[in-house]
Amino acid sequence: MRILTVCAEYAPLAKVGGLGDVTTGLCGWLARRGHEVLVVLPFYGEMRERGVAIEAHAALGPRPAPGSAPASYAVHRLAGQAGAGRGPEIFLVDAPAFFGGGVYASGTAEALRFMLLSRAALEFAASAGFRPDIVHCHDWHAAPAAVMLKGPLRAERAFRQSYAALTIHNIGYQGVFPAGLLEQADAASLQPLFAPEDLAQGDINFLRAGIANADVLTTVSPTHAQEIQTAEYGMGLDGLLRQRRHRLAGILNGVDYAHWDPATDPLLPAHYSARDLVGKQTCRRALAAELGLDLQPGVPVVGLVSRLAQQKGIDIVIHALPALLAARRFCCAILGSGEQGYVAALRDLAASHPGRVAFVEAQDEGLAHRVYAGSDLFLVPSLYEPCGLTQMYAMRYGAVPVVRRTGGLADTVTHFDPATGQGTGSVFLDADVGGLGWGLNAALDWHASPSDWARVVANGMARDWSWEHQGPRYEELFARLVNGGAMPSSS
Ligand code: ADP
């Protein structure tokens with residue numbers, strides 16, 4: 001199949017959260033399977049500053065940018081890629097007036113910039129003679145591409161055989177802008193994308209428009225595919241998703257174990273595997289030294305790597321930890337970036353527990369790997385979690401996840417039972433201080449028993465979430481779409 005992937009993140013070029021890991025992992029797997037995969041993402045100003053190299057000749061452009069008369073854009077090929085056929089081909093939309101700064105900005109400029117991404121990706125494919133079977137749109141940023149395929153570009157020769165797949169990685173981010181935006185002259189080209197009933201609500205919603213128009217919808221775990229059809233988790237889109245449920249599948253995210261393997265990870269101070277965990281002790285000590293934790297023998301390290309957003313249950317962590325720290329022996333290694341209120345509260349928590357709680361405010365890939373490797377337990381107390389990758393990384397790195405039972409966390413972690421030796425982590429239900437306390441206390445109790453602990457760690461390290469397992473679900477879904485077949489069931 002020929003697959004055109006449109007996305008805002010693609011690791012390591014542009015990564016804020018799990019989206020970047022997943023687009024890279026999935027596209028890489030599809031290309032290795034022999035599909036022709038073309039990826040289009042923005043050439044963010046921050047990538048230019050970092051020296052990301054592009055090939056000398058523009059593949060397309062400069063062209064007038066849709067929705068903004070004075071600006072123009074070009075599409076460049078990322079330099080240094082392997083020859084065609086061995087991996088996805090990556091192209092970058094270069095329009096400094098739109099894509100200055102980092103991956104995400106704020107305000108209505110976001111509407112124009114991601115509108116441009118979609119338009120440029122499709123125009124580029126058409127002009128390059130790439131006729132996609134599937135246009136795979138990730139999140140609201142690429143939803144306009146799904147709409148354009150059904151609307152303005154329906155008659156375009158390149159897309160006559162194309163199907164639009166929209167993957168919802170996070171329904172909490174919908175791309176909602178005031179409808180008045182469309183009255184601005186430079187946004188007029190957005191108008192055809194939105195149905196009158198959308199506009200009547202006083203706002204434009206990119207994700208809603210994508211959900212209404214895509215040929216197939218996916219989200220990133222089977223449980224979350226059910227959850228988003230409910231008022232509790234649907235964030236206002238549950239009605240539309242219930243209407244389109246026969247087109248909705250839940251497919252768990254995969255993990256790229258070539259990149260996330262404690263036996264080979266170049267970002268770690270020492271290596272280890274399930275058979276030989278000696279290196280993990282080195283990683284623990286190194287992390288404690290790096291972060292200034294006073295790590296006494298036998299005391300576990302509890303890790304957390306997260307965007308600092310309400311979704312991630314950071315409030316619960318901040319409120320639950322003081323009493324838990326007073327009652328039990330453990331240290332905390334927290335890495336996060338995001339909302340300033342959480343940054344301040346976590347700084348206070350660390351300041352009031354010197355040697356026991358370390359907080360680093362940063363987006364730091366290397367430190368993230370070192371926290372997974374240096375931790376014994378790992379917290380993921382999310383209010384909702386479409387899939388979640390951090391609990392999967394934690395398991396592979398021998399850190400036992402303590403998770404809330406929601407979305408992909410419920411699909412990937414099972415509560416350990418010392419009596420049977422089955423289970424991979426601690427799973428709690430209530431998104432509050434009591435719930436997290438119950439989950440963490442249970443795991444700390446297992447830690448006190450070396451044989452229980454060895455079992456639960458081994459169980460987690462043995463789980464395999466690689467793309468070899470998850471990728472075929474996308475392949476099957478796309479193939480059925482192209483062949484006009486029925487939707488496969490969630491998996
Ligand atoms: P989300 O996409 O909602 O943020 P996921 O669990 O799917 O959550 O993915 C999070 C990804 O982002 C993981 O790869 C995690 O290691 C990474 N990550 C989160 N916060 C940071 C940070 N401050 N520094 C480095 N990596 C981070």
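**Figure 1. Where helix α1 meets helix α18.** On the α1 side, the residues that touch α18 are Val22, Gly25, Leu26, Trp29, Leu30 and Arg32, and they meet Trp467, Glu468, Gly471, Pro472, Tyr474, Glu475 and Phe478 of α18. Sort these contact residues by class and you get eight nonpolar, two polar and three charged. Keep in mind, here and in every other view, that this is a predicted model. The axes of α1 and α18 (residues 467-482) come within 10 Å and cross at roughly 75 degrees. That angle falls in the 65 to 115 degree range, so α1 counts as roughly perpendicular to α18.

**Figure 2. A cis peptide bond ahead of α1.** Look at the step from Ala11 to Pro12: the peptide bond there is cis, with omega near -5 degrees. Most peptide bonds are trans, so a bond like this is worth a glance. Pro12 itself sits in the loop that links β1 (2-6) and α1 (18-32).

**Figure 3. Helix α4 against helix α5.** Here α4 (residues 109-127) packs on α5 (residues 139-150) at about 50 degrees, their axes 8 Å apart. That makes the two helices oblique to each other. As for handedness, α4 passes α5 in a right-handed crossing. From α4, the contact is made by Glu110, Phe114, Met115, Leu117, Ser118, Arg119 and Leu122, and from α5 by Trp140, His141, Ala142, Pro144, Ala145, Met148 and Leu149. Ten of the contact residues are nonpolar, two are polar and two are charged.

**Figure 4. A positive phi in α5.** Zoom in on Asp139, which is found in helix α5. What is the sign of phi at Asp139? Phi is positive, near 60 degrees, in a residue other than glycine. Most residues other than glycine have a negative phi.

**Figure 5. Helix α10 against helix α13.** Helix α10 (residues 278-291) and helix α13 (residues 365-374) pack at about 125 degrees, and their axes are 8 Å apart. α10 and α13 are therefore oblique to each other. In this pair the crossing of α10 past α13 is left-handed. Lys280, Cys283, Arg284, Leu287, Glu290 and Leu291 of α10 meet Leu367, Arg370, Val371, Tyr372, Ala373 and Gly374 of α13. By class, the contact has seven nonpolar residues, one polar and four charged.

**Figure 6. A six-stranded sheet with a helix lying across it.** Follow the open sheet from one side to the other and the strands come in the order β14-β13-β12-β15-β16-β17, with parallel pairing. At the edges are β14 (357-361) and β17 (426-428), each pairing on one side only. Neighbouring strands in the sheet are turned by 15 degrees against each other on average, ignoring direction. For one pair up close, take β12 (residues 301-308) and β13 (residues 331-338): they run parallel and are joined by eight bridges. Val305, for instance, has Leu335 in β13 as its bridge partner. Helix α11 (residues 314-327) lies across β12, β13, β14 and β15 (377-380), and runs at about 160 degrees to β12.

**Figure 7. A salt bridge in helix α2.** Side chains of opposite charge can pair when their charged atoms come close. Here, Arg50 forms a salt bridge with Glu46, and their closest N and O atoms are 2.5 Å apart. The two residues are four apart in helix α2 (residues 45-50), which means about one helical turn separates them. The count for the model comes to 17 salt bridges.

Technical notes:
Residues numbered from 1 in each chain as written. Predicted model: local features only at pLDDT ≥ 70, side-chain atom pairs only at ≥ 80, totals over all residues. Heavy atoms only, no water. Pairing = 2+ DSSP bridges. Axes fitted to C-alpha atoms, helices over the stretch in contact; angles between N-to-C directions. Contact = heavy atoms within 4.5 Å. Parallel < 35°, antiparallel > 145°, perpendicular 65-115°, else oblique. Left-handed = near helix turned anticlockwise from the far one by under 90°. Nonpolar A, V, L, I, M, F, W, Y, C, P; charged D, E, K, R; others polar. Salt bridge = Lys/Arg side-chain N within 4 Å of Asp/Glu carboxyl O.
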